[in-house]
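Reader: Could we go through this protein together, one question at a time? I'm new to reading structures.

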Amino acid sequence: MNIALFTDSYIPTKSGIVTVVLQLRKVLREMGHHVVIVTVKPRGYHDPEVDNDPDILRILSVPTPFKIPDQYIGFPLEHVIIPFLRQHNIQIIHSHTEFFIAHAAKLSGRKLHIPVVATTHTLWEDFYEYYLPLGRYIPVKIIRKVVKRLYKKFYALINVSGKARDYFKEPFMLPGTPSAIIPNALDSGSFIRKPATEEEIAALRRNWGIAPDDIVLLFLGRVVEEKRVEELLDTCMRVIQKNEKIKVMFVGAGLALPDLEERAREVSDRIIFTGYEPWTKVHYYYGIGDIFITASLSEMHSMTVLEALMSGLPIVARRDPSFQDTIFHGRNGYLADSDEEMDGYLLGLAADAEKRRQFGEESLRVSRNFTPDVFGRRTVAFYEKVLEKYPNRLTDEELQAAVDKEN
């Protein structure tokens with residue numbers, strides 16, 4: 001099969017979408033499929049390995065005017081993109097964005113008479129107020145209309161979770177667009193290229209002033225408002241006051257980081273901020289952690305939670321439908337109905353090493369449901385059913401049944 005992946009998030013940008021695209025390309029190629037990528041060209045970025053890859057087309061791009069670092073707007077240049085797709089005899093286009101590159105995908109699909117599908121990575125009504133100018137004053141119904149328009153012309157959708165499916169099946173969205181659920185996956189070989197030794201973990205803990213008997217609550221990800229990091233910091237401040245052996249580590253960068261650092265500095269030196277760390281090194285920080293924590297309610301299917309599972313960590317989070325297949329209450333972590341309820345779960349786990357061990361072992365078992373092999377086979381089954389039915393009507397039941405055969 002000849003497949004084109006369209007995305008406006010790609011190397012050198014670091015995000016969950018970039019990780020998904022890289023992993024999908026890798027596993028599809030390992031399965032024997034030909035995969036090309038159409039993406040943006042960041043200003044000033046040069047990488048000989050990527051620039052000279054005949055299967056990657058970078059198109060003219062400019063930085064986004066919104067408050068989103070390292071994101072670009074690509075121009076839908078048909079006269080460049082369509083010859084590239086024809087050269088590679090592309091049979092299906094898979095978009096990992098809903099914006100300008102997605103417009104190029106849909107234009108190309110119409111010109112070439114091939115299906116164009118998309119993955120619903122982002123729940124924009126939870127995000128827009130943080131990034132759009134005067135976003136807090138824009139009614140959510142306007143955002144819903146915009147998102148509906150952006151996704152309207154896709155032939156079928158891949159939803160990364162039940163939460164994503166339910167949202168796009170709402171009457172105000174696209175209940176008639178066929179879709180199937182294919183959860184994200186994580187490639188252990190890429191995530192943990194070189195397992196950290198006990199000596200390396202011990203050295204890293206010493207470097208950050210963490211004693212051998214300290215219990216580390218770990219947040220890893222973008223330190224931004226929509227992840228509810230302010231609320232998470234409030235929870236951590238309450239918890240460290242009740243257990244002097246607990247330390248908190250925020251690993252990552254983002255617009256909210258300076259404010260968090262300032263607030264924490266006034267209260268305690270047991271809250272640590274590392275700033276940006278490359279993805280190739282984050283598994284060392286999961287090795288430091290004893291409990292993974294998040295208060296986010298804006299996830300579709302969290303990549304950092306998958307990383308925590310693969311690292312064998314118990315997880316304490318706010319209850320959210322996006323975690324329904326990754327965090328199982330009382331088995332590998334806890335799901336709290338309020339920020340304050342997180343306090344008790346964190347204090348209880350911090351005081352119970354045996355329960356942390358048991359929960360961590362269960363996290364490892366759960367992580368086996370999200371391997372690239374399963375992800376790849378499900379995605380190929382989705383493509384095959386789309387190609388079989390296109391351009392005729394396709395149902396949710398047909399798509400999901402094809403995908404579920406690969407579980």
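Reader: Which class, nonpolar, polar or charged, is most of the lining of the second largest pocket?

Author: Keep in mind that this is a predicted model. The lining of this pocket has 14 residues. Sorted by class, there are five nonpolar and one polar, and the other eight are charged.

Reader: And which helices supply at least two residues each to that lining?

Author: Start at the centre of the second largest pocket, where E98, H103, K106, R149 and L150 lie nearest. The pocket holds about 330 Å³. The helices that each give at least two lining residues are α4 (100-112) and α6 (140-151).

Reader: What about sealed spaces: how much space lies in the largest cavity?

Author: Here's the general trick: rolling a probe the size of a water molecule over the atoms shows where empty space is left. In this protein there is one cavity of 30 Å³ or more. Its space comes to about 50 Å³.

Reader: Which elements give two or more residues to the lining of that cavity?

Author: The lining includes V20, L24, F375 and T379. By class, the cavity lining is six nonpolar and six polar residues, with no charged ones. The elements that supply two or more are α1 and α16.

Reader: Let's look at α1, then. How far apart are its end C-alpha atoms?

Author: Helix α1 covers residues 16-30, which makes 15 residues. At 1.5 Å a residue, that should span 21 Å. The model agrees, because the end C-alpha atoms are separated by 21 Å.

Reader: Which elements help cover the buried residues of α1?

Author: The buried residues of α1 are I17, V18, T19, V20, V21, Q23, L24, R25, V27 and L28. As a general rule, an α-helix has 3.6 residues a turn, so residues three or four places apart point the same way. What covers the buried part of α1 includes two helices, α13 (303-310) and α16 (372-389), and the strands β1 (2-7), β2 (34-40), β3 (56-59) and β6 (92-95).

Reader: What phi does G32 take, just after α1?

Author: In general, most residues other than glycine have a negative phi, and most peptide bonds are trans. G32 comes just after α1, and its phi is positive, at about 100°.

Reader: Is H113 buried or exposed?

Author: H113 sits in the loop between α4 and β7 (116-120). Its phi is positive, near 60°, even though H113 isn't a glycine. Its relative accessibility is 64%, and the cut-off is over 50%, so H113 counts as exposed.

Reader: R228 has a positive phi too; is R228 buried or exposed?

Author: R228 is in the loop between β10 (215-220) and α10 (229-242). Its phi is near 55°. The relative accessible area of R228 is 15%, and anything under 20% passes the test, so R228 is buried.

Reader: Where is the cis peptide bond that involves P391?

Author: P391 lies in the loop between α16 and α17 (396-404). Omega is near 5° for the bond leading into P391, and that cis bond runs from Y390 to P391.

Reader: What is the relative accessible area of P314?

Author: You'll find P314 in the loop between α13 and β14 (315-318). Leaving out residues up to four places away in sequence, P314 touches D290, I291, F292, N332, L349, R356, F359, G360 and S363. D290 is 24 residues away along the chain, yet the C-alpha atoms of P314 and D290 are separated by 7.4 Å. P314 counts as buried because its relative accessible area is 1%.

Reader: How does E261 count by its accessibility?

Author: E261 belongs to helix α11 (residues 257-265). Its relative accessibility is 27%, which lies between the 20% and 50% cut-offs, so E261 counts as partly exposed.

Reader: Zooming out, what is the radius of gyration of the protein?

Author: The protein has 17 helices and 15 strands, and its C-alpha atoms fill a box of roughly 65 × 45 × 45 Å along the principal axes. Of its 407 residues, 57% count as buried. A compact globule with 407 residues would have a radius of gyration near 22 Å, and the protein agrees because its own value is 22 Å.

Key: Residues numbered from 1 in each chain as written. Predicted model: local features only at pLDDT ≥ 70, side-chain atom pairs only at ≥ 80, totals over all residues. Heavy atoms only, no water. Helix = DSSP H or I, 4+ residues; strand = E, 2+ residues; numbered from the N terminus. Expected span 1.5 Å × (residues − 1). Buried < 20%, exposed > 50% of the residue type's maximum accessible area, 1.4 Å probe, protein only. Contact = heavy atoms within 4.5 Å. 1 Å grid on protein atoms, 1.4 Å probe; cavity = no way out; pocket = protein on both sides within 12 Å on 5 of 7 lines; lining within 4 Å. Points joined across faces, edges and corners; volume = space filled by probe spheres on them. Nonpolar A, V, L, I, M, F, W, Y, C, P; charged D, E, K, R; others polar. Rg over C-alpha atoms; globule rule 2.2 N^0.38 Å.
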